[in-house]
Amino acid sequence: MITIPKQPLKRTVLKIVFLICVSLTLIIGCKKDSESIPPAPKPKPDPTVSLIVTSMSPSSGPDSTLVKFQGKGFGTNALNDSVSFNGKMASLISVSDGEIIARVPTLAGSGNVVVKINDTILQAGYFTYDTTYRFSVVASNIKYPWYLSVDSSNNLYFTNDYDQTLNKIDTMGNITTLVQNINLNPAGTVLNKSGDLFVVSNTGGGPFIDKVNPDGTVTQIAHDSGALYGLTVDKNGNFYVANTSKNTIDKITPQGVVSVIASGLFSPSGIAVAKDGTVYTTNYSGTVYNGADGVVTKITPSGQVSTLATGIYYNGLTGIVLDDNDNLYVTSFNQQYAIGYVVRITPSGAVKTISTDVMFPVGIAMDHTGNLYVSDQAVSTTLPYGEVVKLTPH
């Protein structure tokens, strides 16, 4: 018989205690793993401080207008605050707990104004941006520059009523003659979406729409009747011309087929076409040559004719161009006082003068950045010299 020696009582007690500790550790560890630790509570905001914009003044203006925002809780650290106009960040002039003054950024455009304090966004209102224009001369000492167009590289093309030519002005202001002696009265000029250049040629056997080839020769692509002034082209390559002697607006397909889309418009001249095919033209409202009776006529793709804007000074010779938002820019001339204007007309027909720096404007064109170019037929009442000028938005 084998006898197992009895362990001392002290050692037995220690083993029992060790096993109990191990069991408790495992139980507590599992419990900790199975339960999520709650996050630390966020500090509660001070109930005595509220973030609010109570006023914005002014609510409209041009580039660099100082706008004052009044409210509560803005703080005093400009690094924690920001103001944006229509998504464009403004520079802050001063910041206090109850007032922020910000400068409207260049070309902000009209839109909502947002004040941001730390991570809190506050809607401050709607700001109407008033685009103004800087005036500069592109080329001068030109006798009677007429209609105007611009290509994708900002080279300008203008017809000359004095020497019957089509000319180019490069981006350095250098003038070269592309086509000599375009028979009689070259008028409107336009580039299509492919960059091809076209010009109206009012010859004795015409008038014609001519394509200007790179070597300076011309190819007649369409034959109309009457006398044509303004020329434009749509995205499908269809031409539209203001037929000033027949008082019509004519459409000419790329194949040279001519049709009348509007008639009874007394002495139309400028013409433009929108992306949706709507055509705009300038003409007299009645059948009398009254310079105060100029209007802009709207012709829808379905053929509906209506007056978009009235009160345009008109002398039977003007230009129109459209921007991407369907605002029209129109040259205007007051014969009585020999004063020229460039006006902007909204799609609803509101008219605003944007420049009086021109004397006898005719052609107008816009580049892809929104710069306007205007051919000013004369800058003096005594000298027959004009210039081409640039109006830069800011």
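Start with N112. Its bridge partner in β9 is Y126. That pair belongs to β8 and β9, which run antiparallel to each other over seven bridges. Keep in mind that this is a predicted model.

Now follow β8 into β9. The two strands form a hairpin, with two residues between them. N118 sits in that turn, and its phi is positive, about 55 degrees.

What does β8 pair with besides β9? Strand β4, residues 81-85, runs antiparallel to β8, residues 111-117. Five bridges join β4 and β8. One place to look is S82, which stands opposite K116 in β8.

Go to β9 next, residues 120-129. β9 pairs with β2 as well, this time in the parallel sense, over two bridges. Here S60 faces T128 of β9.

Put the strands together. What is the order in the sheet? It reads β2-β9-β8-β4-β5. That is an open sheet of five strands, and the pairing is mixed. Why do β2 and β5 each have one side without a neighbour in the sheet? They stand at the edges, β2 at 60-61 and β5 at 88-89, and each has a single partner strand, so one side stays free of a neighbour there. As background, strands of a sheet pair through backbone hydrogen bonds, parallel or antiparallel.

Last, confidence. The chain has a mean pLDDT of 88, and 87% of its residues reach 70 or more. Two stretches need care. Residues 1-36 have pLDDT below 50, and beyond near neighbours in sequence this stretch has two contacts in the model. Residues 42-48 are also below 50, with zero contacts beyond near neighbours in sequence.

Definitions and conventions. Residues numbered from 1 in each chain as written. Predicted model: local features only at pLDDT ≥ 70, side-chain atom pairs only at ≥ 80, totals over all residues. Heavy atoms only, no water. Pairing = 2+ DSSP bridges. Helix = DSSP H or I, 4+ residues; strand = E, 2+ residues; numbered from the N terminus. pLDDT = per-residue confidence, 0-100. Contact = heavy atoms within 4.5 Å.
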